[in-house]
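Colleague: Got a minute to go through some of the labels on this model with me? I'd like to hear what stands behind each one.

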Amino acid sequence: MSVGNPFVKSSIERSVQDLPALPSVVMRILKETESPTACAVTIERMLSADQALASKVLRVVNSAYYGLSGQVVSLSQAIVILGMQQVRNLVLSVSAYSAIKPRTPRQQETMKIFWLHSFGTAAATQFIAQRKRFSNQDAETAFVGGLLHDIGRLFLFSNFTQTYDQVLRFAEQKQITVESAELRLLGISHGEVGAQMAEYWKLPKPLVRMIGDHEDPTEDNIDPMLYALNIADWITKDLYFDPEKIETTSPSDFVMNWLNFTPEEVDLLKEDTAEKIEEAQQVFGLLAA
Ligand SMILES: [Fe+2]
Ligand SMILES: [Fe+2]
């Protein structure tokens, strides 16, 4: 078995560069929300320019996941209730996932599981952010990191379906993690692919870093957002992989030490996340519509 086939790697990297750009309205909203003088009215005006996107945002905001069922009738209300950052996160995630089109029923099904895994991870990240008293801005970035962290995996699965199936089978046969199998067969991990996508889309730097390093944060550089994501991902991991078949590793000791939760608190985090995932079931249907 060749280690990290350079041809596979470069063809993956090339096809990242062929992705559609994010809609210009998304880029404008991203820019606006980063500015200290960001203004809700401006965001609303920008978002209204893309009605398809605007109506998706409204549908998702009204889902059980956000606990606002049916109460939000306008974009301006959505921005007031959720805040600019949350609306930005939604817009960004909806658009990033729209760049990857499912072509077969199986891909459609995988897409759904990805969404649930992503919403679950985002919710768990948010719970941790609250408990660890992140600043609002860090908590928002962590949340959107949760939504987008596995975008590279979805990309590989959708655009290199057969190759990625081989990766999954290889991991299962050898009882190694999917990440090790990716490195062995593709020469690149899904985290790195995701980071290249995020860079290509000019997403904020902290997001690029979170996506790139979510599977293996390092100890020497304590990074609360990344650690929170790593734990949240582990909590929702069985939503994508069959844990009976595929090896998953729990977060490193230094990450769990940072979290500093009792086993009961970890259980509670799992329960709360499971509840959110239940509610997220609805979101997918709304997005696919
Ligand atoms: Fe991942
Ligand atoms: Fe994940």
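Modeller: Sure, let's start with glutamate 275, which sits in helix H16 (residues 263–288); helices here are DSSP runs of H or I with at least four residues, numbered from the N terminus. Keep in mind that this is a predicted model, where local features need pLDDT of at least 70, side-chain atom pairs count only at pLDDT 80 or more, and totals for chains, interfaces and linings use all residues. Residues are numbered from 1 along each chain as its sequence is written, chains are lettered from A and ligands numbered from 1 in the order in which they are written, and side-chain values use heavy atoms, with hydrogens and water left out.

Colleague: Why is glutamate 275 called exposed?

Modeller: Its relative accessible area is 51%. Exposed means over 50%, buried under 20%, and partly exposed in between, with a 1.4 Å probe and protein chains only. So glutamate 275 counts as exposed.

Colleague: And why is glycine 191 called buried?

Modeller: Glycine 191 has 3% relative accessibility, so it falls under the 20% cut-off. This glycine belongs to helix H12 (residues 190–200).

Colleague: What does glycine 191 touch, leaving out residues up to four places away in sequence?

Modeller: Ile211, Gly212 and His214, where contact means heavy atoms within 4.5 Å. Aspartate 213 is 22 residues from glycine 191 in sequence, yet the C-alpha atoms are 6.3 Å apart.

Colleague: What about glycine 83, why does that one count as partly exposed?

Modeller: At 21%, glycine 83 lies between the 20% and 50% limits, so partly exposed is the label. You'll find glycine 83 in the loop between helix H5 (75–82) and helix H6 (84–98). Alanine 40 is 43 residues away from glycine 83 in sequence and 8.4 Å away in space, C-alpha to C-alpha.

Colleague: What makes the phi of glutamine 175 worth a mention?

Modeller: Most residues other than glycine have a negative phi. Glutamine 175 isn't a glycine, and its phi is positive, near 55°. It's in the loop between helix H10 (161–174) and helix H11 (178–185), and its 43% relative accessible area makes it partly exposed.

Colleague: Which place does asparagine 260 have, and what is its phi?

Modeller: Asparagine 260 is in the loop between helix H15 (253–259) and H16. Its phi is positive too, about 55°, although asparagine 260 is not a glycine.

Colleague: How do you know that asparagine 260 is exposed?

Modeller: Asparagine 260 has 62% relative accessibility, which is over 50%, so exposed it is.

Note on methods. Helix = DSSP H or I, 4+ residues; strand = E, 2+ residues; numbered from the N terminus.
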